[in-house]
Amino acid sequence: MGAYCNDNLHPSSMQAVVSSEDLRLSKHVHDNVHGNIYLDPLCLKFIDTQEFQRLRDLKQLGLAHLVYPGAVHSRFEHSLGVYWLASEAVQKLKNYQGSELGIDHFDIQTVKLAGLLHDVGHGPFSHLFEREFLPRVLADHWSHEEMSVKLVDCIVDEHHIEIDPEMIKKVKEMILASSNYSLPKGSREKRFLYDIVANGRNGIDVDKFDYIIRDCRACGLGCNFQFQRLMETMRVLGDEICYRAKEYLTVHKLFATRADLHRTVYTHSKVKAIELMVTDALLKANDYLEISSYTQDPSEYWKLDDTILKTIETAPNQELKESRDLILRIRSRNLYQFCNEYAVPKDRLENFKDVTPQDIICSQKNGGVILKEEDVAVSNVRIDLTRGRHNPLERIKFFKDYESDDKFPIPDDRVSHLLPTSYQDMIVRVYSKKPELVRAISEAFENFQLQTYGIKAQVHATPEKKKQRHL
(Lines give C-alpha, C1' and ligand atoms only; values in the text may rest on other atoms or scores of the structure.)
Protein backbone atom coordinates (compact mmCIF):
# COMPACT_ATOMS: atom_id res chain seq x y z
CA MET A 1 0.00 0.00 0.00
CA GLY A 2 1.19 3.45 -0.83
CA ALA A 3 1.75 6.52 1.28
CA TYR A 4 -1.31 7.78 3.11
CA CYS A 5 -2.55 11.23 2.26
CA ASN A 6 -5.46 12.86 4.07
CA ASP A 7 -5.66 16.04 2.01
CA ASN A 8 -9.09 15.07 0.76
CA LEU A 9 -10.61 14.02 4.04
CA HIS A 10 -11.94 17.43 5.06
CA PRO A 11 -13.60 18.92 1.97
CA SER A 12 -15.95 21.80 2.57
CA SER A 13 -18.51 19.88 0.51
CA MET A 14 -18.95 17.49 3.42
CA GLN A 15 -20.38 20.33 5.50
CA ALA A 16 -22.38 21.63 2.57
CA VAL A 17 -24.59 18.54 2.58
CA VAL A 18 -26.13 19.72 5.86
CA SER A 19 -28.47 22.68 5.57
CA SER A 20 -27.80 25.79 7.59
CA GLU A 21 -31.04 25.16 9.48
CA ASP A 22 -29.85 21.69 10.47
CA LEU A 23 -26.44 23.04 11.53
CA ARG A 24 -28.05 25.38 14.04
CA LEU A 25 -29.87 22.46 15.62
CA SER A 26 -26.99 20.01 15.37
CA LYS A 27 -24.14 19.22 17.70
CA HIS A 28 -20.73 18.87 16.14
CA VAL A 29 -17.78 16.73 17.16
CA HIS A 30 -14.33 16.69 15.60
CA ASP A 31 -13.38 13.30 14.19
CA ASN A 32 -9.73 12.56 13.41
CA VAL A 33 -10.68 11.07 10.03
CA HIS A 34 -13.59 13.14 8.70
CA GLY A 35 -13.14 16.44 10.54
CA ASN A 36 -16.30 18.05 11.92
CA ILE A 37 -19.26 15.67 12.12
CA TYR A 38 -22.69 17.21 12.68
CA LEU A 39 -25.10 15.16 14.78
CA ASP A 40 -28.80 15.90 14.28
CA PRO A 41 -31.23 16.02 17.24
CA LEU A 42 -32.89 12.64 16.56
CA CYS A 43 -29.57 10.80 16.29
CA LEU A 44 -28.40 12.46 19.51
CA LYS A 45 -31.32 10.85 21.33
CA PHE A 46 -29.87 7.45 20.41
CA ILE A 47 -26.25 8.45 21.05
CA ASP A 48 -26.98 9.71 24.56
CA THR A 49 -28.03 6.31 25.89
CA GLN A 50 -26.11 3.70 27.85
CA GLU A 51 -26.67 1.19 25.06
CA PHE A 52 -24.89 3.34 22.47
CA GLN A 53 -22.25 4.72 24.87
CA ARG A 54 -21.22 1.10 25.48
CA LEU A 55 -19.48 1.27 22.08
CA ARG A 56 -16.79 3.46 23.68
CA ASP A 57 -15.64 0.33 25.55
CA LEU A 58 -15.42 -1.85 22.44
CA LYS A 59 -12.15 -1.52 20.54
CA GLN A 60 -12.82 -1.56 16.82
CA LEU A 61 -9.96 -4.00 16.21
CA GLY A 62 -10.46 -6.08 19.32
CA LEU A 63 -7.10 -7.37 20.56
CA ALA A 64 -4.98 -6.02 17.69
CA HIS A 65 -3.78 -3.16 19.93
CA LEU A 66 -1.61 -5.70 21.74
CA VAL A 67 0.42 -5.98 18.53
CA TYR A 68 -0.33 -2.59 16.91
CA PRO A 69 -0.31 -0.21 19.90
CA GLY A 70 -2.11 2.56 18.01
CA ALA A 71 -5.16 0.41 17.26
CA VAL A 72 -7.15 1.60 20.25
CA HIS A 73 -9.97 3.34 18.39
CA SER A 74 -13.49 2.29 19.35
CA ARG A 75 -16.69 1.25 17.66
CA PHE A 76 -18.15 4.51 18.98
CA GLU A 77 -16.05 6.68 16.69
CA HIS A 78 -16.45 4.23 13.79
CA SER A 79 -20.23 4.43 14.20
CA LEU A 80 -20.11 8.23 14.09
CA GLY A 81 -17.96 8.00 10.96
CA VAL A 82 -20.40 5.65 9.21
CA TYR A 83 -23.28 7.94 10.23
CA TRP A 84 -21.50 10.89 8.62
CA LEU A 85 -20.57 9.10 5.41
CA ALA A 86 -24.09 7.65 5.10
CA SER A 87 -25.44 11.19 5.48
CA GLU A 88 -23.09 12.49 2.82
CA ALA A 89 -23.82 9.64 0.41
CA VAL A 90 -27.60 9.90 0.50
CA GLN A 91 -27.45 13.70 0.34
CA LYS A 92 -25.22 13.57 -2.74
CA LEU A 93 -27.67 11.23 -4.47
CA LYS A 94 -30.47 13.65 -3.58
CA ASN A 95 -28.49 16.61 -4.94
CA TYR A 96 -27.66 14.83 -8.21
CA GLN A 97 -30.81 12.77 -8.79
CA GLY A 98 -33.28 13.86 -6.13
CA SER A 99 -36.28 14.60 -8.35
CA GLU A 100 -35.69 11.44 -10.38
CA LEU A 101 -35.26 9.13 -7.35
CA GLY A 102 -37.79 10.76 -5.02
CA ILE A 103 -35.37 10.97 -2.09
CA ASP A 104 -36.98 12.89 0.77
CA HIS A 105 -36.16 13.89 4.36
CA PHE A 106 -37.58 10.58 5.64
CA ASP A 107 -35.12 8.65 3.47
CA ILE A 108 -32.15 10.77 4.54
CA GLN A 109 -32.94 10.43 8.25
CA THR A 110 -33.47 6.68 7.91
CA VAL A 111 -30.12 6.10 6.18
CA LYS A 112 -28.31 8.26 8.75
CA LEU A 113 -29.81 6.30 11.65
CA ALA A 114 -28.92 3.00 10.01
CA GLY A 115 -25.31 4.15 9.68
CA LEU A 116 -25.23 5.27 13.30
CA LEU A 117 -26.76 2.09 14.74
CA HIS A 118 -25.37 -0.59 12.41
CA ASP A 119 -22.87 -1.87 15.04
CA VAL A 120 -24.76 -1.11 18.26
CA GLY A 121 -25.16 -4.85 18.91
CA HIS A 122 -21.52 -5.77 18.30
CA GLY A 123 -19.82 -8.07 20.79
CA PRO A 124 -16.50 -7.61 22.60
CA PHE A 125 -13.12 -8.22 20.97
CA SER A 126 -14.16 -7.48 17.39
CA HIS A 127 -15.47 -10.69 15.75
CA LEU A 128 -13.87 -13.12 18.23
CA PHE A 129 -16.91 -13.12 20.53
CA GLU A 130 -19.34 -13.93 17.72
CA ARG A 131 -17.25 -16.33 15.63
CA GLU A 132 -14.98 -18.12 18.11
CA PHE A 133 -16.60 -17.99 21.56
CA LEU A 134 -20.39 -18.09 21.13
CA PRO A 135 -20.55 -21.01 18.65
CA ARG A 136 -18.95 -23.19 21.35
CA VAL A 137 -21.39 -22.25 24.12
CA LEU A 138 -24.69 -21.55 22.34
CA ALA A 139 -26.81 -24.06 20.47
CA ASP A 140 -28.48 -21.42 18.30
CA HIS A 141 -26.89 -19.10 15.76
CA TRP A 142 -26.23 -15.57 17.02
CA SER A 143 -25.16 -12.50 15.06
CA HIS A 144 -24.38 -8.93 16.02
CA GLU A 145 -26.70 -7.70 13.26
CA GLU A 146 -29.64 -9.46 14.91
CA MET A 147 -28.66 -8.05 18.29
CA SER A 148 -28.35 -4.58 16.75
CA VAL A 149 -31.98 -4.60 15.57
CA LYS A 150 -33.13 -5.87 18.98
CA LEU A 151 -31.20 -3.09 20.69
CA VAL A 152 -32.72 -0.47 18.38
CA ASP A 153 -36.17 -1.48 19.66
CA CYS A 154 -34.86 -1.61 23.22
CA ILE A 155 -33.42 1.92 23.00
CA VAL A 156 -36.64 3.34 21.57
CA ASP A 157 -38.76 1.70 24.29
CA GLU A 158 -36.46 2.27 27.26
CA HIS A 159 -35.73 5.91 26.49
CA HIS A 160 -39.16 6.82 25.09
CA ILE A 161 -37.80 8.12 21.81
CA GLU A 162 -40.55 9.51 19.60
CA ILE A 163 -39.95 8.23 16.09
CA ASP A 164 -42.03 7.06 13.14
CA PRO A 165 -42.46 3.24 13.47
CA GLU A 166 -42.01 2.93 9.70
CA MET A 167 -38.63 4.65 9.96
CA ILE A 168 -37.47 2.25 12.67
CA LYS A 169 -38.65 -0.70 10.58
CA LYS A 170 -36.57 0.45 7.60
CA VAL A 171 -33.54 1.23 9.80
CA LYS A 172 -33.57 -2.37 11.03
CA GLU A 173 -33.92 -3.69 7.48
CA MET A 174 -30.93 -1.61 6.38
CA ILE A 175 -28.82 -2.96 9.28
CA LEU A 176 -29.61 -6.52 8.17
CA ALA A 177 -29.07 -5.78 4.46
CA SER A 178 -25.53 -7.18 4.29
CA SER A 179 -26.34 -10.43 6.13
CA ASN A 180 -28.14 -13.54 4.94
CA TYR A 181 -31.58 -12.10 5.62
CA SER A 182 -33.69 -11.40 2.55
CA LEU A 183 -35.39 -8.03 2.43
CA PRO A 184 -39.20 -7.94 2.71
CA LYS A 185 -41.11 -7.34 -0.52
CA GLY A 186 -42.04 -3.83 0.59
CA SER A 187 -38.34 -2.95 0.73
CA ARG A 188 -37.97 -3.19 -3.03
CA GLU A 189 -38.99 0.45 -3.35
CA LYS A 190 -35.85 2.60 -3.39
CA ARG A 191 -33.76 -0.55 -3.06
CA PHE A 192 -30.60 1.47 -3.65
CA LEU A 193 -30.96 3.07 -0.21
CA TYR A 194 -30.28 -0.34 1.36
CA ASP A 195 -26.87 -0.51 -0.34
CA ILE A 196 -25.44 2.61 1.32
CA VAL A 197 -24.65 1.38 4.85
CA ALA A 198 -24.44 -2.43 4.59
CA ASN A 199 -24.37 -3.54 0.96
CA GLY A 200 -25.34 -7.17 0.60
CA ARG A 201 -25.53 -6.83 -3.17
CA ASN A 202 -21.87 -6.16 -4.00
CA GLY A 203 -20.05 -5.15 -0.82
CA ILE A 204 -19.38 -1.46 -1.58
CA ASP A 205 -20.69 0.54 1.37
CA VAL A 206 -19.78 3.40 3.70
CA ASP A 207 -19.10 0.98 6.56
CA LYS A 208 -16.05 -0.27 4.63
CA PHE A 209 -15.10 3.25 3.55
CA ASP A 210 -14.81 4.30 7.18
CA TYR A 211 -13.13 1.30 8.75
CA ILE A 212 -10.54 0.89 6.00
CA ILE A 213 -9.33 4.49 6.33
CA ARG A 214 -9.67 4.51 10.12
CA ASP A 215 -7.91 1.17 10.68
CA CYS A 216 -5.04 2.00 8.32
CA ARG A 217 -4.45 5.29 10.09
CA ALA A 218 -4.59 3.77 13.59
CA CYS A 219 -2.13 1.01 12.70
CA GLY A 220 0.27 3.37 10.93
CA LEU A 221 -0.24 1.74 7.53
CA GLY A 222 -0.38 3.48 4.19
CA CYS A 223 -3.68 3.64 2.33
CA ASN A 224 -4.10 4.94 -1.20
CA PHE A 225 -7.77 3.98 -1.53
CA GLN A 226 -9.81 7.16 -2.00
CA PHE A 227 -13.47 6.61 -1.18
CA GLN A 228 -14.23 10.21 -2.16
CA ARG A 229 -13.83 9.32 -5.84
CA LEU A 230 -16.58 6.73 -5.54
CA MET A 231 -18.83 9.03 -3.49
CA GLU A 232 -18.52 11.82 -6.07
CA THR A 233 -19.11 9.68 -9.17
CA MET A 234 -21.77 7.19 -8.01
CA ARG A 235 -25.11 7.19 -9.73
CA VAL A 236 -28.35 5.22 -9.41
CA LEU A 237 -29.39 3.28 -12.52
CA GLY A 238 -32.24 0.79 -12.37
CA ASP A 239 -32.53 1.09 -8.57
CA GLU A 240 -28.84 0.16 -8.15
CA ILE A 241 -25.84 2.32 -7.26
CA CYS A 242 -23.37 2.22 -10.15
CA TYR A 243 -19.93 3.73 -10.71
CA ARG A 244 -18.10 5.33 -13.62
CA ALA A 245 -16.18 2.78 -15.65
CA LYS A 246 -12.92 4.69 -15.21
CA GLU A 247 -13.18 4.06 -11.42
CA TYR A 248 -12.85 0.30 -11.86
CA LEU A 249 -9.36 0.22 -10.32
CA THR A 250 -10.53 2.41 -7.42
CA VAL A 251 -13.22 -0.19 -6.69
CA HIS A 252 -10.67 -2.99 -6.93
CA LYS A 253 -8.39 -1.06 -4.57
CA LEU A 254 -11.19 -1.02 -1.98
CA PHE A 255 -11.29 -4.81 -1.86
CA ALA A 256 -7.52 -5.23 -2.18
CA THR A 257 -6.88 -2.83 0.73
CA ARG A 258 -9.41 -4.67 2.85
CA ALA A 259 -7.64 -7.97 2.07
CA ASP A 260 -4.28 -6.37 2.96
CA LEU A 261 -5.67 -5.29 6.34
CA HIS A 262 -6.82 -8.85 6.98
CA ARG A 263 -3.39 -10.28 6.17
CA THR A 264 -1.35 -7.60 7.93
CA VAL A 265 -3.47 -6.68 10.95
CA TYR A 266 -6.67 -8.61 11.59
CA THR A 267 -5.10 -12.07 11.17
CA HIS A 268 -1.51 -11.27 12.21
CA SER A 269 -0.06 -14.45 13.72
CA LYS A 270 0.47 -12.83 17.13
CA VAL A 271 -3.02 -11.29 17.09
CA LYS A 272 -4.49 -14.74 16.39
CA ALA A 273 -2.40 -16.27 19.20
CA ILE A 274 -3.82 -13.74 21.66
CA GLU A 275 -7.34 -14.28 20.32
CA LEU A 276 -7.01 -18.03 20.87
CA MET A 277 -5.93 -17.40 24.47
CA VAL A 278 -8.76 -14.95 25.17
CA THR A 279 -11.26 -17.40 23.67
CA ASP A 280 -9.97 -20.10 26.02
CA ALA A 281 -10.18 -17.68 28.96
CA LEU A 282 -13.80 -16.80 28.14
CA LEU A 283 -14.75 -20.45 27.73
CA LYS A 284 -13.25 -21.35 31.11
CA ALA A 285 -14.99 -18.38 32.79
CA ASN A 286 -18.38 -18.79 31.13
CA ASP A 287 -19.92 -21.28 33.56
CA TYR A 288 -19.15 -19.05 36.54
CA LEU A 289 -19.79 -15.60 35.02
CA GLU A 290 -22.54 -16.73 32.60
CA ILE A 291 -21.08 -14.46 29.92
CA SER A 292 -23.13 -15.97 27.12
CA SER A 293 -26.41 -15.34 28.98
CA TYR A 294 -26.11 -11.61 28.25
CA THR A 295 -26.72 -12.33 24.57
CA GLN A 296 -30.23 -13.57 25.33
CA ASP A 297 -31.56 -10.30 26.76
CA PRO A 298 -31.08 -6.97 24.93
CA SER A 299 -31.82 -5.03 28.12
CA GLU A 300 -28.82 -6.72 29.80
CA TYR A 301 -26.52 -6.95 26.78
CA TRP A 302 -25.29 -3.34 27.09
CA LYS A 303 -23.38 -4.40 30.23
CA LEU A 304 -21.07 -6.65 28.19
CA ASP A 305 -17.94 -5.08 26.68
CA ASP A 306 -14.15 -5.43 26.51
CA THR A 307 -13.82 -4.81 30.26
CA ILE A 308 -14.87 -8.42 30.86
CA LEU A 309 -11.14 -9.25 30.74
CA LYS A 310 -10.41 -6.89 33.61
CA THR A 311 -13.34 -8.37 35.54
CA ILE A 312 -11.80 -11.84 35.21
CA GLU A 313 -8.26 -10.62 35.88
CA THR A 314 -9.12 -8.87 39.15
CA ALA A 315 -11.69 -11.35 40.52
CA PRO A 316 -10.42 -13.38 43.51
CA ASN A 317 -12.71 -16.34 42.87
CA GLN A 318 -11.05 -19.74 42.59
CA GLU A 319 -13.49 -20.64 39.80
CA LEU A 320 -11.76 -18.08 37.57
CA LYS A 321 -8.16 -19.10 38.28
CA GLU A 322 -7.55 -20.83 34.95
CA SER A 323 -8.93 -17.82 33.07
CA ARG A 324 -6.86 -15.42 35.19
CA ASP A 325 -3.72 -17.42 34.51
CA LEU A 326 -4.30 -17.18 30.76
CA ILE A 327 -4.77 -13.41 30.94
CA LEU A 328 -1.61 -13.14 33.06
CA ARG A 329 0.24 -15.06 30.34
CA ILE A 330 -0.95 -12.47 27.80
CA ARG A 331 0.17 -9.60 30.06
CA SER A 332 3.63 -11.18 30.47
CA ARG A 333 3.84 -12.04 26.75
CA ASN A 334 3.94 -15.75 27.41
CA LEU A 335 1.75 -16.45 24.40
CA TYR A 336 0.71 -19.62 22.64
CA GLN A 337 3.68 -20.41 20.40
CA PHE A 338 3.33 -20.29 16.64
CA CYS A 339 4.45 -23.60 15.11
CA ASN A 340 3.77 -23.26 11.39
CA GLU A 341 1.20 -22.43 8.74
CA TYR A 342 0.27 -23.29 5.19
CA ALA A 343 -2.06 -21.97 2.52
CA VAL A 344 -4.59 -24.55 1.36
CA PRO A 345 -3.91 -25.46 -2.31
CA LYS A 346 -6.34 -23.81 -4.73
CA ASP A 347 -7.73 -27.13 -5.94
CA ARG A 348 -8.64 -28.08 -2.36
CA LEU A 349 -10.43 -24.87 -1.36
CA GLU A 350 -13.91 -25.89 -2.48
CA ASN A 351 -14.14 -28.95 -0.23
CA PHE A 352 -11.95 -27.68 2.59
CA LYS A 353 -13.02 -28.50 6.15
CA ASP A 354 -11.57 -26.67 9.14
CA VAL A 355 -8.52 -28.37 10.63
CA THR A 356 -8.92 -29.27 14.31
CA PRO A 357 -6.48 -30.04 17.14
CA GLN A 358 -7.60 -33.67 16.89
CA ASP A 359 -6.45 -33.75 13.25
CA ILE A 360 -2.97 -32.71 14.38
CA ILE A 361 -2.54 -35.10 17.30
CA CYS A 362 -3.87 -38.00 15.21
CA SER A 363 -1.01 -37.31 12.77
CA GLN A 364 1.66 -37.75 15.44
CA LYS A 365 4.12 -40.57 14.84
CA ASN A 366 4.77 -43.13 17.54
CA GLY A 367 7.44 -42.39 20.12
CA GLY A 368 8.34 -39.28 22.07
CA VAL A 369 5.87 -36.95 23.76
CA ILE A 370 2.20 -37.96 23.65
CA LEU A 371 0.20 -34.94 22.59
CA LYS A 372 -3.32 -34.14 23.82
CA GLU A 373 -5.98 -32.03 22.15
CA GLU A 374 -5.72 -29.41 24.88
CA ASP A 375 -2.02 -28.92 23.99
CA VAL A 376 -2.82 -27.69 20.47
CA ALA A 377 -4.60 -24.62 19.10
CA VAL A 378 -5.55 -24.26 15.44
CA SER A 379 -6.58 -21.10 13.61
CA ASN A 380 -8.31 -21.50 10.23
CA VAL A 381 -7.97 -18.08 8.59
CA ARG A 382 -10.11 -17.12 5.62
CA ILE A 383 -9.11 -14.03 3.64
CA ASP A 384 -11.17 -12.99 0.64
CA LEU A 385 -12.50 -9.98 -1.25
CA THR A 386 -15.95 -10.28 0.47
CA ARG A 387 -17.48 -12.95 -1.79
CA GLY A 388 -15.52 -16.07 -0.87
CA ARG A 389 -13.88 -17.66 -3.91
CA HIS A 390 -15.79 -15.35 -6.27
CA ASN A 391 -14.75 -12.00 -7.67
CA PRO A 392 -16.89 -9.29 -5.99
CA LEU A 393 -16.46 -7.03 -9.02
CA GLU A 394 -18.67 -9.38 -11.04
CA ARG A 395 -21.64 -8.03 -9.04
CA ILE A 396 -20.78 -4.34 -9.55
CA LYS A 397 -22.31 -2.30 -12.37
CA PHE A 398 -20.57 0.56 -14.15
CA PHE A 399 -21.61 3.27 -16.60
CA LYS A 400 -19.63 5.01 -19.32
CA ASP A 401 -20.61 8.63 -18.68
CA TYR A 402 -23.47 10.74 -17.41
CA GLU A 403 -25.09 10.97 -20.86
CA SER A 404 -25.57 7.20 -20.96
CA ASP A 405 -28.16 5.18 -19.01
CA ASP A 406 -26.57 1.83 -19.80
CA LYS A 407 -25.02 -0.15 -16.94
CA PHE A 408 -22.67 -3.10 -17.32
CA PRO A 409 -20.09 -5.25 -15.49
CA ILE A 410 -16.42 -5.09 -16.48
CA PRO A 411 -14.53 -8.41 -16.82
CA ASP A 412 -11.06 -8.48 -15.27
CA ASP A 413 -9.32 -9.36 -18.53
CA ARG A 414 -10.49 -6.09 -20.09
CA VAL A 415 -8.71 -4.06 -17.45
CA SER A 416 -5.42 -5.74 -16.58
CA HIS A 417 -3.80 -9.16 -16.69
CA LEU A 418 -2.10 -8.29 -13.40
CA LEU A 419 -5.32 -8.55 -11.37
CA PRO A 420 -5.62 -11.70 -9.24
CA THR A 421 -7.01 -14.92 -10.67
CA SER A 422 -7.90 -16.23 -7.21
CA TYR A 423 -10.09 -14.35 -4.75
CA GLN A 424 -9.70 -16.32 -1.53
CA ASP A 425 -6.88 -17.56 0.70
CA MET A 426 -7.38 -20.23 3.33
CA ILE A 427 -4.50 -20.34 5.81
CA VAL A 428 -4.15 -22.99 8.49
CA ARG A 429 -2.03 -21.98 11.50
CA VAL A 430 -1.07 -24.23 14.37
CA TYR A 431 0.03 -23.10 17.84
CA SER A 432 1.42 -24.87 20.88
CA LYS A 433 -0.11 -23.89 24.20
CA LYS A 434 3.10 -25.01 25.95
CA PRO A 435 6.53 -23.82 24.77
CA GLU A 436 8.13 -27.21 25.40
CA LEU A 437 5.76 -28.90 22.91
CA VAL A 438 6.50 -26.69 19.90
CA ARG A 439 8.74 -29.22 18.19
CA ALA A 440 6.42 -32.21 18.74
CA ILE A 441 3.37 -30.28 17.50
CA SER A 442 5.29 -28.90 14.52
CA GLU A 443 6.29 -32.42 13.51
CA ALA A 444 2.71 -33.68 13.86
CA PHE A 445 1.52 -30.73 11.75
CA GLU A 446 4.06 -31.61 9.06
CA ASN A 447 2.84 -35.21 9.06
CA PHE A 448 -0.74 -34.00 8.74
CA GLN A 449 0.15 -32.08 5.58
CA LEU A 450 1.92 -35.10 4.07
CA GLN A 451 -1.05 -37.34 4.81
CA THR A 452 -3.58 -34.80 3.51
CA TYR A 453 -1.84 -33.33 0.47
CA GLY A 454 1.14 -35.59 -0.17
CA ILE A 455 3.45 -32.58 0.23
CA LYS A 456 4.76 -30.21 2.87
CA ALA A 457 2.69 -27.11 2.13
CA GLN A 458 3.96 -25.18 5.17
CA VAL A 459 5.76 -21.84 4.97
CA HIS A 460 8.60 -22.51 7.41
CA ALA A 461 10.87 -25.48 8.09
CA THR A 462 9.93 -27.60 11.08
CA PRO A 463 12.07 -26.27 13.94
CA GLU A 464 14.66 -28.37 15.71
CA LYS A 465 14.10 -26.34 18.82
CA LYS A 466 12.16 -23.13 19.17
CA LYS A 467 12.73 -20.70 21.97
CA GLN A 468 10.07 -18.38 23.34
CA ARG A 469 10.22 -15.01 21.62
CA HIS A 470 8.69 -11.64 22.23
CA LEU A 471 7.54 -9.16 19.61
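This section describes the nonpolar cores, two helices, a strand hairpin and the cysteines of a predicted model.

The largest nonpolar core comprises 120 residues, and those with the most contacts inside it are Phe-46, Leu-113, Leu-116, Ile-196 and Phe-209. Helix H5, spanning residues 75–101, gives the most to this core, contributing 11 residues. Apart from it lies another core of 22 residues, which includes Val-376, Val-428, Ala-440 and Phe-445. Within the largest core, the surroundings of Phe-46 were examined with its neighbours within four places in sequence left aside. On that basis Phe-46 is in contact with Phe-52, with Leu-113, Leu-116 and Leu-117, and with Ile-155, Val-156, Ile-161, Ile-163 and Ile-168.

Two of the residues listed above for their contacts, Leu-113 and Leu-116, are buried residues of H6. Helix H6 covers residues 105–117; its 13 residues reach 18 Å from the first C-alpha to the last, close to the 18 Å expected at 1.5 Å a residue. Of these 13 residues, 11 are buried, so H6 is largely enclosed by the rest of the structure. The buried set includes polar and charged positions such as Asp-107, Gln-109, Thr-110 and Lys-112, together with Ile-108, Val-111, Ala-114, Gly-115 and Leu-117. The packing partners of these buried residues are helix H3 (41–47), helix H4 (50–53), H5, helix H8 (144–158) and helix H9 (165–175). At the start of H6, a side-chain oxygen of Asp-104 comes to within 3.2 Å of the backbone nitrogen of Phe-106.

Helix H8 is one of the elements packed against the buried residues of H6. The 15 residues of H8 should span 21 Å at 1.5 Å a residue, and the 20 Å separating its end C-alpha atoms agrees with this. Its buried residues are His-144, Glu-145, Met-147, Ser-148, Val-149, Leu-151, Val-152, Cys-154, Ile-155 and Val-156. Among these, Ile-155 and Val-156 are in contact with Phe-46. The cover over the buried residues of H8 includes H3, H4, H6, H9, helix H7 (128–133) and helix H14 (298–301). After H8 comes His-160, which has a positive phi, near 50 degrees.

Strands E1 and E2 form a hairpin with 3 residues between them. The two strands pair in the antiparallel sense over 5 bridges, and Asp-31 has Gly-35 of E2 as its bridge partner. In E2, 4 of the 5 residues are buried, so this strand is largely enclosed by the rest of the structure. His-34 is placed in the loop between E1 (27–31) and E2 (35–39). Its relative accessible area is 2%, and His-34 is therefore buried. The side chain of His-34 makes a polar contact of 2.8 Å with the side chain of Asp-210.

A search of the whole structure for disulfides finds 0. The cysteine sulfur closest to that of Cys-216 belongs to Cys-223, at 4.1 Å, which is too far for a bond. For Cys-219, the closest cysteine sulfur is that of Cys-216, and the 7.6 Å between them is likewise too far for a bond. Both distances can be set against the cut-off of 2.5 Å between sulfur atoms that defines a disulfide. Cys-216 is buried, with a relative accessible area of 0%, and Cys-219 also counts as buried, at 11% relative accessibility.

Notes:
Residues numbered from 1 in each chain as written. Predicted model: local features only at pLDDT ≥ 70, side-chain atom pairs only at ≥ 80, totals over all residues. Heavy atoms only, no water. Core = buried A, V, L, I, M, F, W, Y, C linked by side-chain atoms within 4.5 Å. Buried < 20%, exposed > 50% of the residue type's maximum accessible area, 1.4 Å probe, protein only. Contact = heavy atoms within 4.5 Å. Expected span 1.5 Å × (residues − 1). Polar contact = N/O pair within 3.5 Å; in protein donor to acceptor, adjacent residues only side chain to side chain. Pairing = 2+ DSSP bridges.
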